[in-house]
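Biologist: Before I rely on the vocabulary used for this fold, I would like to hear how each term is earned. Could you take me through the reasoning step by step?

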Amino acid sequence: MITRHADKDPVDQPHVIVVGGGMVGIATAIWSLHEGNAVTLIDKSAPEDRASYGNAGVLASASVLPVTMPGLLTKLPKMVLSRTEPIFLRWLYLPRIALWATRYLSHANATDVRRISSALFPIVGNSLEDHFALSKGTEAEAFIKPCDFAVLYKDRDTFLKDAFGWKIRSDLGFKWSEHDGANRDSYDPVFNKSLGFLAALAGHGQITDPAGYMEALRKYLVAAGGRILSAEVTNILHENGHATGVMTTDGPVTADRIAITAGAWSPLLTKKLGVKIPVEAETGYHIEFWDPSFVPRVPTLVPSKKLIFSQMKGRLRVAGAVEFGGLKNKGQDKVFELLKAATKDVLPDLTYSKETRWVGHRPAPTDSVPIIDELSTIKGVFLGFGHQHVGLTGSARTGQILAQLISGKRPNIDLTPYSAARFTMRRQQSGPTLNTPQHKETA
Ligand SMILES: Cc1cc2nc3c(=O)[nH]c(=O)nc-3n(C[C@H](O)[C@H](O)[C@H](O)COP(=O)(O)OP(=O)(O)OC[C@H]3O[C@@H](n4cnc5c(N)ncnc54)[C@H](O)[C@@H]3O)c2cc1C
C-alpha cells in the first residue's frame, strides 16, 4: 500500500532537491518525503554508473574498520608494486592524489582507527533495521535478507593477527561464532579447504540485488508523490546566503533546500560553493558468475584477497579491490584477472555459464568518515556523502538524519564527527564559515 506523506497543503510544503540518485540520495529523498516535504531527486546517469549498483550487497554493520589500519604505511609500497595485491594506483594520477593520499595515510594508526570506528558505528551499526524501516510497505522490502556476515581466514593464527580490529568490534557489541576444522566445513563446505577458519558475525543482512532494491525504492518514491528528473546538476543557486535551487543541463529548478548526495562526484559541486572536501574516487570491481554450480551460504569476506563473495539472484558476485585513478577510471583487465584468479583459489570447483564485469567509484574521504552536515555559509544546502566501503550499509540511517536536518529537526545523534568543517578549519579564518567541529583533520 502506498502512503502519501505530503499531507501539508502543497503551497506550504518546502521543496527539497536531492542531487544524486544512489542509495544515499534515494534514502534521503524518501525520508524527506516522509517528513512532509515536496521532493525532487535529480540524477545524471544510468543506474550502472552508481557505486550503489554493483556493490557486494552486504549490510555490513561490523565493517567499522577503515582501509587505513595500523601497519598499512609499511605494507603499502609492496602492495601497490605487487601484481597480486588488490590495491592499485594509476601512476599518472599520482600528482593529482598525492595530497589526499598523505592525509589519508596519516590516519593509519590505532587512535584514529578507534575514533573512525566510533564515528561509523552510529551510521552503520543498526543497518538491517534501518533498511527495513526505509523500505517498510514497499516492494523493496523483499530484497532484504537477514543473515550472518562471514569472514574467512587461512587458520586461527591468521585470524588472531587481526585481533586489534576484532577487539574494536567486540567493544562495540558485535558477536560472532568461530568455526575451524570440521566445524568450518559444516558451517559452509563450498570453500577451499586451505581456508580453514571462519568467523560468522550474527545479526547482519544482505540486499539480494542492489539494483533491484534501488529500482523498487525509486518506484515507491514516485508513487508516494516524489519526482525524479534525469539531468546533471551543474551548480547550486543561492541568494543572500540561502539556497534557491539548482542549475541543471535542462535549465534551472527552484527549491528551498538542496541535499548534495552525489557520491564520489559531490566535491565537484561543493567546490563551486567555495568548500573543498577531500573525497577521492576509490574504484572497486565486481565479476558476476552466472548460473553458478554453488554459492556461499552467506556473504563472505576473504580479507587476504580483499574480496566479498555474495549470492545474488541467479549469480555469484565477487566484489572488492581498491584502485586510485579518479572518476574517469574505467577499470583495467589485470584487476579483473586478479579477481578471477582469487575466485579460483577460494572456490576451486566453481563452474558457471558466463561472467559479467563492472567497476564503480566509492566516495572516500581522507578520514573514512562520511560528511553529514548543513553548510553554514549557504543555508539550506545539506551534505551527505563519503561513505567509502559502507555506503549501502549506512545509506538508510544517513537519509533519515539528513531528512531530519532538512526539516529543521534535531536528530538524536551527535553530528560532530560528520561535520564538513573538520576539513576546512584553517580556511575558516579567512573564508566561508561552517559548523564548528570538535575534531579536525590534523594533516
Ligand atoms: C566493489 C564495491 C563493493 C562494495 N560493497 C559494499 C557492501 O557490500 N556494502 C556496503 O555498505 N557498501 C559497499 N560498497 C560501497 C557502496 O557501494 C558506496 O559507498 C555507496 O554505493 C555510495 O552511495 P552514494 O549514493 O553515496 O553514491 P553513488 O551510488 O555513486 O550515487 C551517486 C549518484 O550521484 C549522481 N551524480 C553525481 N554527480 C551528479 C550531478 N552533478 N548531477 C546529478 N547527479 C549526479 C551519479 O550519477 C550517481 O548516480 C561497495 C562499493 C564497491 C565499489
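Modeller: What follows takes up helix packing, then the sheets, then the surroundings of the ligand, and throughout it should be kept in mind that this is a predicted model.

Biologist: Why are α6 and α13 called oblique to each other?

Modeller: The axes of α6, residues 127–135, and α13, residues 391–406, come within 8 Å and cross at roughly 60°. Angles under 35 degrees count as roughly parallel, over 145 as roughly antiparallel and 65 to 115 as roughly perpendicular, with the rest taken as oblique, and α6 and α13 are therefore oblique to each other. As for the hand, α6 passes α13 in a left-handed crossing.

Biologist: Which residues make that contact, and how do they divide by class?

Modeller: On the α6 side the contact is made by S127, D130, H131, A133 and L134, and on the α13 side by T393, G394, A396, R397 and G399. These residues divide into three nonpolar, five polar and two charged, where Gly is counted among the polar ones.

Biologist: What makes α1 and α10 roughly parallel?

Modeller: The axes of α1 and α10, the latter spanning residues 210–223, come within 10 Å and cross at roughly 30°. Angles under 35 degrees count as roughly parallel, so α1 is described as roughly parallel to α10. The crossing of α1 past α10 is left-handed, and the residues in contact are M23, I26, A29, I30 and L33 of α1 with M214, L217, R218, Y220 and L221 of α10. By class, this contact has nine nonpolar, no polar and one charged residues.

Biologist: How do you know which strands are the edges of the sheet ordered β8-β2-β1-β12-β19-β18?

Modeller: That sheet is open, consists of six strands and has mixed pairing; β8 (227–230) and β18 (371–374) are its edge strands, since each pairs on one side only. Neighbouring strands are turned by 15° against each other on average, with direction ignored.

Biologist: What makes β1 and β2 a pair, and where does α13 pack on this sheet?

Modeller: Two strands pair if DSSP finds at least two bridges between them, and β1 (residues 15–19) and β2 have five, in the parallel sense, so the criterion is met. Within this pairing, the bridge partner of V18 is L41 in β2. Helix α13 packs on the sheet by touching β1, β12 (257–260), β18 and β19 (381–385), and its direction makes about 175° with that of β19.

Biologist: How are the strands β9, β10 and β11 arranged?

Modeller: They form an open sheet of three strands in the order β9-β10-β11, with antiparallel pairing, and β9 (233–239) and β11 (251–254) are the edge strands, each pairing on one side only. The twist averages 30° from one strand to the next. Strand β9 pairs with β10 (residues 242–248) in the antiparallel sense over six bridges, and V233 stands opposite T248 in β10.

Biologist: Which residues come nearest to the ligand, and which elements supply at least two residues of its shell?

Modeller: Of the 44 residues around the ligand, G20, G22, G263, G284 and G391 come nearest. The elements that each supply at least two residues of the shell are α1 (23–34), β2 (38–43), α2 (51–54), β13 (279–290), β16 (315–324), β17 (354–365) and α13. By class, the shell has 19 nonpolar, 19 polar and six charged residues.

Terms used: Residues are numbered from 1 along each chain as its sequence is written. This is a predicted model: local features need pLDDT of at least 70, side-chain atom pairs count only at pLDDT 80 or more; totals for chains, interfaces and linings use all residues. Axes are lines fitted to C-alpha atoms, for helices over the stretch in contact, and angles run from 0 to 180 degrees between N-to-C directions. Helices (H or I, at least four residues) and strands (E, at least two) are DSSP runs, numbered from the N terminus. A crossing is left-handed if the near helix is turned anticlockwise from the far one by less than a right angle, and right-handed if clockwise. Two residues are in contact if their C-beta atoms, placed from the backbone, lie within 7 Å. A residue is near a molecule or strand if its C-beta atom, placed from the backbone, lies within 6 Å of it.
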